[in-house]
Amino acid sequence: MPLTVLFYIFMTVTILEISYFCFAVYSIRSMPLQLKKSNTAISLILYTKNQAELIKTQLPVFLKQKHKNFEIVLINDASSDDTLEIMKRFQNENSKIKVIDVKNIEAFWGSKKYALTLAIKAASHERLVISSIDHKPNSTGWLQHIAAALKEKSFIIGLRKYTSKNTLFYRFFNFRELVKSCTLSKMGIVYGGTSANVSYTKTLFYSASGFAKHMQLPFGETKLFANEVSKLSNTAICLQHDSGVTQLHKPKFGTWLKEQVEEDLILRHSRKLVLLSNRFLFLCRLVFYILAVVLMIISEPETKPLVIILLSGRFAIQYICYGIIANKLKELKLIIALPFLDLWSLILQFVIFISGFKSKQPHWN
């Protein structure tokens, strides 16, 4: 009797997993392939802290955007290196650049949200694009594509990738999170986005009183804000390569793991529906793998072929669905070792989940 119950639970979670993969393909394939362009006025806000050398090499890259009407608002968040001096040098040479020098104050010591708020207030234009100096646009038309999307919606979640120099695992983990975010967004559970490539209007920002509701939390300036204001009617997700950005450097594993623990803490401060949907998907994967191993070891001879069929069917459909999505995102290499990457990402997600309970709230460096 217990084995029968375990088998039916296994069959249920397998069907749920397969349904999720199929809906993920539908969600991402239904997003438009054609990229529009617009030169509607835009303020590009670039966050920096102690990144003087990167500013020298990367700011010229952002200035090469073909958009005909944009400004760059540079945030110097209380840097201790030569960041401010280099920014001012660029400002003197280019009228598109505006420098915001953020000083630490007791009430908002080291707060990235405070720094962003000052930059948003100083921005000249209604439409805002938020990015970071340690990323690079994937095309010179990046801002034009985002500007076109912002003419139709007030909150835009842009594509952000790891450089190909990063390990397959980093890129696969990012890929899985992107697929999950897009799939849940299609269901009306919008919560994604990254401060490396997100866009919204000033009107939307002020309608929610900015970051006021979560200003005391030293993280979540994008996802917690999205959690408040974004919904199907006002949000678009741009997954096209040319509307995306790529992180320049490979993070150390410890740094990356800390970032993922922070993402889990953000989830815990999100709406209940967002938290529960993410936990439910994680639980389905966990139960699937545990029961697959248990049933392959202890199930009756007449049941084992059914377990093998369900196991094989689930992986086959995952390969097909993820292959279609990876091809659209130009990340086809990610599915080469799919079962191993999927299992490894599950183990790490469990470690991240446990670490979140033990972790003190992180602060910006």
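These are my notebook entries on a helix pair, the cysteines and one lysine in a predicted model.

**Helix pair.** I looked up how helix α1, residues 2–29, sits against helix α11, residues 304–328, and found that their axes come within 9 Å and cross at roughly 15°. Since angles under 35 degrees count as roughly parallel, I noted α1 and α11 as roughly parallel to each other. I also recorded the handedness of the crossing of α1 and α11, which is left-handed. For the make-up of the contact of α1 with α11, I wrote down 19 nonpolar residues, three polar ones and four charged ones.

**Cysteines.** I then searched the whole structure for disulfides and came away with zero. Why is Cys-22 not bonded to Cys-321? The cysteine sulfur closest to that of Cys-22 belongs to Cys-321 and lies 4.4 Å away, which is too far for a bond, given that a disulfide requires the two sulfur atoms to be within 2.5 Å. I entered Cys-22 as partly exposed, at 40% relative accessibility. For Cys-182 the closest cysteine sulfur is in Cys-238, at 10 Å, and this too is too far for a bond. Is Cys-182 buried or exposed? Its relative accessible area is 1%, so I listed Cys-182 as buried.

**Lysine 180.** My last entry concerns Lys-180, which I located in helix α6, residues 168–186. With a relative accessibility of 9%, Lys-180 counts as buried, the cut-off for that class being under 20%. I looked for a partner to its side chain and found a polar contact of 2.9 Å between the side chains of Lys-180 and Asn-278.

Conventions. Residues numbered from 1 in each chain as written. Predicted model: local features only at pLDDT ≥ 70, side-chain atom pairs only at ≥ 80, totals over all residues. Heavy atoms only, no water. Axes fitted to C-alpha atoms, helices over the stretch in contact; angles between N-to-C directions. Helix = DSSP H or I, 4+ residues; strand = E, 2+ residues; numbered from the N terminus. Parallel < 35°, antiparallel > 145°, perpendicular 65-115°, else oblique. Left-handed = near helix turned anticlockwise from the far one by under 90°. Nonpolar A, V, L, I, M, F, W, Y, C, P; charged D, E, K, R; others polar. Buried < 20%, exposed > 50% of the residue type's maximum accessible area, 1.4 Å probe, protein only. Polar contact = N/O pair within 3.5 Å; in protein donor to acceptor, adjacent residues only side chain to side chain.
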